[in-house]
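Good morning, everyone, and thank you for making time for this. I would like to walk you slowly through one structure, and I will try to say each thing plainly.

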Amino acid sequence: MNILKCPVCGRELYREDRTWRCENRHSFDIAKEGYVNLLSAHRSGDTIGDNKEMARSRRDFLNKGYYEPLASAVTECLRRYSSDGDSVLDICCGEGYYTAYAAGRLERDYYGFDLSKNMVRLASKRGCGAAFFVANIASVPIRDGTVKAAFHLFAPFHAAEFSRIIADDGVVLTAIPGRDHLLGLKELLYDEPYLNDEKEPSAEGLAAVERIRVRSEITLDNRDDILSLFQMTPYYYHTPTEGMNRLAACESLSTPIEFVIIVYRKAARQEDKNG
């Protein structure tokens, strides 16, 4: 089942050769890599989000399996909450690591989008069979109630939009940093490293039905991987000079990684179930 809608008029999109179009003749060409730009008003996406260097750095880091425990846990959730052929959406998919991981293990109808064309271009090059597109999380070009399972990892949470696109029996999975996530990196960067507060997003209209804790330890044994990890974090934007100097001199880093996966359903459905 196709779940895409036209970002201009909201009508269903259908594919003809190398173009997605709607009945009102709005059309969107498919790039040579296989993705389509569905940003409203045909905004390019080239200068939005992560640049090419950061996108490649993230891809190379994730491809080494450092965050495989999270990918495995997300895939297991998709196995339990969806079935073969169901539509699965990767919200803010980045360079496609998590979609490709799941697609290699579960038969689903995969879609993924990101605001950054650089990220979506890399995701499409993975050749995992997913339909990748450029879009804004605040206005997702997905038809109402057509997604059986969506997952959303480390990105802004738009509860109303997520509730709109998932089916009545669908779920949204999100992941937040656990208490000790990347504590080893923070001990390197800051004189007084802090623990994460595990604050859950505001999810009006959605009800949490399950929480899953994922924890592991990773060791990065080269500067390139340490820098790639650093660039993936918010610390990249506010680290003092002393911390940057210690980072530049670091050749090996061990740190815990910890995530909390939260599974949401539509609140009304959960209330009906409880009643």
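I will go through the sheets, then a pair of helices, then the empty spaces, and finally one loop residue.

Before anything else, please keep in mind that what you see is a predicted model.

Let me begin with the sheet of eight strands, which is open, has mixed pairing, and follows the order β4-β7-β6-β5-β8-β9-β11-β10. At its edges stand β4, residues 36–37, and β10, residues 206–220, and each of these pairs on one side only. If you look inside the sheet, you will find strand β8, residues 147–153, running parallel to strand β9, residues 166–177, with six bridges joining the two. To fix that pairing in your mind, find Ala-150, which stands opposite Val-172 in β9. There is also a helix to notice here, since α4, residues 117–124, lies across β4, β6 and β7, and runs at about 170 degrees to β7.

The other sheet I want to show you is open as well, with three strands in the order β1-β2-β3 and antiparallel pairing. Here β1, residues 14–16, and β3, residues 27–29, are the edge strands, and because each has a single partner strand, one side of each is left without a neighbour in the sheet. From one strand to the next, the twist averages 30 degrees. Between β1 and β2, residues 19–21, the antiparallel pairing extends over three bridges, and Arg-15 is the residue that stands opposite Trp-20 in β2.

Now to the helices. Two packed helices are described by the angle between their axes and by the distance between those axes. For helix α1, residues 52–63, and helix α7, residues 223–231, the angle is about 115 degrees and the axes are 9 Å apart, while the crossing of α1 and α7 is left-handed. Which residues meet there? From α1 come Met-54, Ser-57 and Phe-61, and they meet Asp-225, Ser-228, Leu-229 and Gln-231 in α7. By class, the residues of this contact are three nonpolar, three polar and one charged.

Let us turn to the empty spaces. Rolling a probe the size of a water molecule over the atoms shows where empty space is left. How many cavities of 30 Å³ or more does a search of the whole structure find? The search finds one, and the largest cavity holds about 40 Å³ of space. Its lining is made by Arg-58, Asp-90, Cys-92, Cys-93, Gly-94, Tyr-98 and Leu-153, which by class gives four nonpolar, one polar and two charged residues.

The largest pocket, by contrast, contains about 1,200 Å³ of space. It is lined by 43 residues, and Leu-153, Phe-154, Ala-155, Met-232 and Pro-234 are those that lie nearest its centre. The elements that give two or more residues to this lining are α1, β6, β8, β9 and α7, and the largest share, four residues, comes from β9. Divided by class, the pocket lining has 26 nonpolar, eleven polar and six charged residues.

Finally, consider Glu-251, which lies in the loop between α8 and β11. Leaving aside residues up to four places away in sequence, Glu-251 touches Leu-220, Asp-221, Asn-222, Arg-223 and Ile-226. Its C-alpha atom is separated by 44 Å from that of Lys-148, a residue 103 places apart from Glu-251 along the chain.

Terms used: Residues numbered from 1 in each chain as written. Predicted model: local features only at pLDDT ≥ 70, side-chain atom pairs only at ≥ 80, totals over all residues. Heavy atoms only, no water. Axes fitted to C-alpha atoms, helices over the stretch in contact; angles between N-to-C directions. Left-handed = near helix turned anticlockwise from the far one by under 90°. Contact = heavy atoms within 4.5 Å. Nonpolar A, V, L, I, M, F, W, Y, C, P; charged D, E, K, R; others polar. 1 Å grid on protein atoms, 1.4 Å probe; cavity = no way out; pocket = protein on both sides within 12 Å on 5 of 7 lines; lining within 4 Å. Points joined across faces, edges and corners; volume = space filled by probe spheres on them. Pairing = 2+ DSSP bridges.
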